[in-house]
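The following exercises concern a single protein model. Please work through each task with the sequence and the coordinates at hand before reading its solution.

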Amino acid sequence: MLDTATTTRSRSQTENRWLVYQAERFPFKKYTPLVAAFAASGLALSFMVSEAAQLPSFAMYITAFAVTLMVFMQLRISDEIKDAAFDREHYPERPVPRGLVNLEELKKIGLGLAVLQAALVMHLGTRLLLPLGAIWLYLYLMHNEFFVGSWLREHPIVYMLSHMGILFFTDFFITACHWMVASTEPSYALLFFFG
């Protein structure tokens with residue numbers, strides 16, 4: 001009986017610390033509606049400017065939305081890992097420096113999200129692995145600060161612009177959930193959206 005109570009308490013504490021982490025570093029209440037609108041607008045635009053007769057399906061929307069939400073979660077996790085030493089020194093109140101969660105746990109979550117992304121994409125259309133792979137590659141480059149981190153930190157505008165590039169690949173993926181699955185050519189008008 002004592003073991004059951006201890007296990008229940010331990011599970012509750014684990015769940016609570018992840019709720020606290022989420023509220024502080026990746027608040028779902030804020031991100032979910034924004035990403036939902038972002039995905040819907042990308043799919044709607046792809047349909048409106050293409051010659052495809054096929055409306056974006058619910059499966060297209062769920063894939064675009066869920067993968068994009070997970071990309072933003074992976075960006076947060078990447079930043080936690082990349083900036084761990086800086087945060088320890090300058091932001092000790094953040095969840096990782098204060099020991100609420102640890103980097104190994106976050107790495108496992110980031111990899112788990114990648115598996116979920118791949119599963120969703122393969123269910124909708126394996127061709128979508130290409131734009132998803134492009135997002136992962138760009139995220140890897142961002143995580144490593146394009147292997148010129150010191151130089152980038154000395155040039156904050158270039159740093160910001162280089163990190164904004166992930167949005168291009170995310171926009172491309174969202175629209176590809178329509179035109180690539182509907183087997184139609186993407187419209188040049190999408191370049192304005194990507195820009």
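**Exercise 1. Classify serine 183 in this predicted model as buried or exposed, and describe its backbone.**

Step 1. Serine 183 has a relative accessible area of 59%. The class "exposed" requires over 50%, so serine 183 is exposed.

Step 2. Serine 183 is situated in the loop that connects α8 with α9 (190–194).

Step 3. The phi angle of serine 183 is near 55°, which is a positive value in a residue other than glycine.

**Exercise 2. Carry out the corresponding analysis for phenylalanine 146: state its phi angle, its location and its exposure class.**

Step 1. Phenylalanine 146 is a residue other than glycine with a positive phi, near 55°.

Step 2. The loop between α6 and α7 (149–154) contains phenylalanine 146.

Step 3. The relative accessibility of phenylalanine 146 is 23%. Values under 20% would count as buried, so phenylalanine 146 is classed as partly exposed.

**Exercise 3. Identify the residues that make the nonpolar surface patch, and place methionine 164 within its helix.**

Step 1. Ile157, Met160, Leu161 and Met164 make a nonpolar surface patch of about 430 Å².

Step 2. Methionine 164 belongs to helix α8, which comprises residues 156–179.

Step 3. With a relative accessible area of 45%, methionine 164 is partly exposed. Patch residues must have over 30% relative accessible area, and the 45% of methionine 164 satisfies that condition.

Step 4. Phenylalanine 169 also lies in helix α8. Phenylalanine 169 is partly exposed, at 23% relative accessibility. From phenylalanine 169 to methionine 60 the C-alpha distance is 17 Å, and the two are 109 residues apart in sequence.

**Exercise 4. Determine which parts of the chain the salt bridge between arginine 17 and glutamate 105 ties together.**

Step 1. The structure contains nine salt bridges. One of them joins the side chains of arginine 17 and glutamate 105, at 2.5 Å from N to O.

Step 2. Arginine 17 is in helix α1 (residues 2–25) and glutamate 105 is in helix α5, so this pair ties together parts that are 88 residues apart in sequence.

Step 3. Glutamate 105 has a relative accessible area of 22% and is partly exposed.

Step 4. Lysine 107 is likewise placed in helix α5, and is partly exposed at 35% relative accessibility. The C-alpha atom of lysine 107 is separated by 17 Å from that of valine 67, with the two positions 40 residues apart along the chain.

**Exercise 5. Trace the salt bridges made by lysine 82, and name the network to which they belong.**

Step 1. Lysine 82 forms a salt bridge with aspartate 79, in which the closest N and O atoms are 3.8 Å apart. Both residues lie in helix α3, three residues apart, or about one turn of the helix.

Step 2. A salt bridge also links the side chains of lysine 82 and aspartate 83, at 3.4 Å from N to O.

Step 3. The relative accessible areas are 26% for aspartate 79, 21% for lysine 82 and 24% for aspartate 83. Aspartate 79, lysine 82 and aspartate 83 are each partly exposed.

Step 4. Through shared partners, salt bridges join Asp79, Lys82, Asp83, Glu145 and Arg153 into one network.

**Exercise 6. Describe the largest cavity and the largest pocket by volume, lining and contributing helices.**

Step 1. Rolling a probe the size of a water molecule over the atoms shows where empty space is left.

Step 2. Across the whole structure, one cavity of 30 Å³ or more is found. The largest cavity has a volume of about 30 Å³, and its lining consists of Leu75, Ser78, Asp79, Lys82, Leu139, Met142 and His143. Two or more lining residues are given by α3 and by α6; α3 supplies the largest share, four residues. By class, the cavity lining has three nonpolar, two polar and two charged residues.

Step 3. The largest pocket holds about 340 Å³ of space. Its lining has 13 residues, and those nearest the centre are Gln74, Ser78, Gly110, Leu111 and Leu139.

Step 4. At least two residues of the pocket lining come from each of α3 (58–82), α5 (103–124) and α6 (129–143). The pocket lining comprises seven nonpolar, five polar and one charged residues.

Conventions:
Residues numbered from 1 in each chain as written. Predicted model: local features only at pLDDT ≥ 70, side-chain atom pairs only at ≥ 80, totals over all residues. Heavy atoms only, no water. 1 Å grid on protein atoms, 1.4 Å probe; cavity = no way out; pocket = protein on both sides within 12 Å on 5 of 7 lines; lining within 4 Å. Points joined across faces, edges and corners; volume = space filled by probe spheres on them. Nonpolar A, V, L, I, M, F, W, Y, C, P; charged D, E, K, R; others polar. Patch = residues over 30% accessible without salt bridge, like charges linked within 9 Å, V, L, I, M, F, W, Y side chains within 5 Å. Areas by Shrake-Rupley, 256 points an atom, 1.4 Å probe, with all protein chains shown as cover. Salt bridge = Lys/Arg side-chain N within 4 Å of Asp/Glu carboxyl O. Buried < 20%, exposed > 50% of the residue type's maximum accessible area, 1.4 Å probe, protein only.
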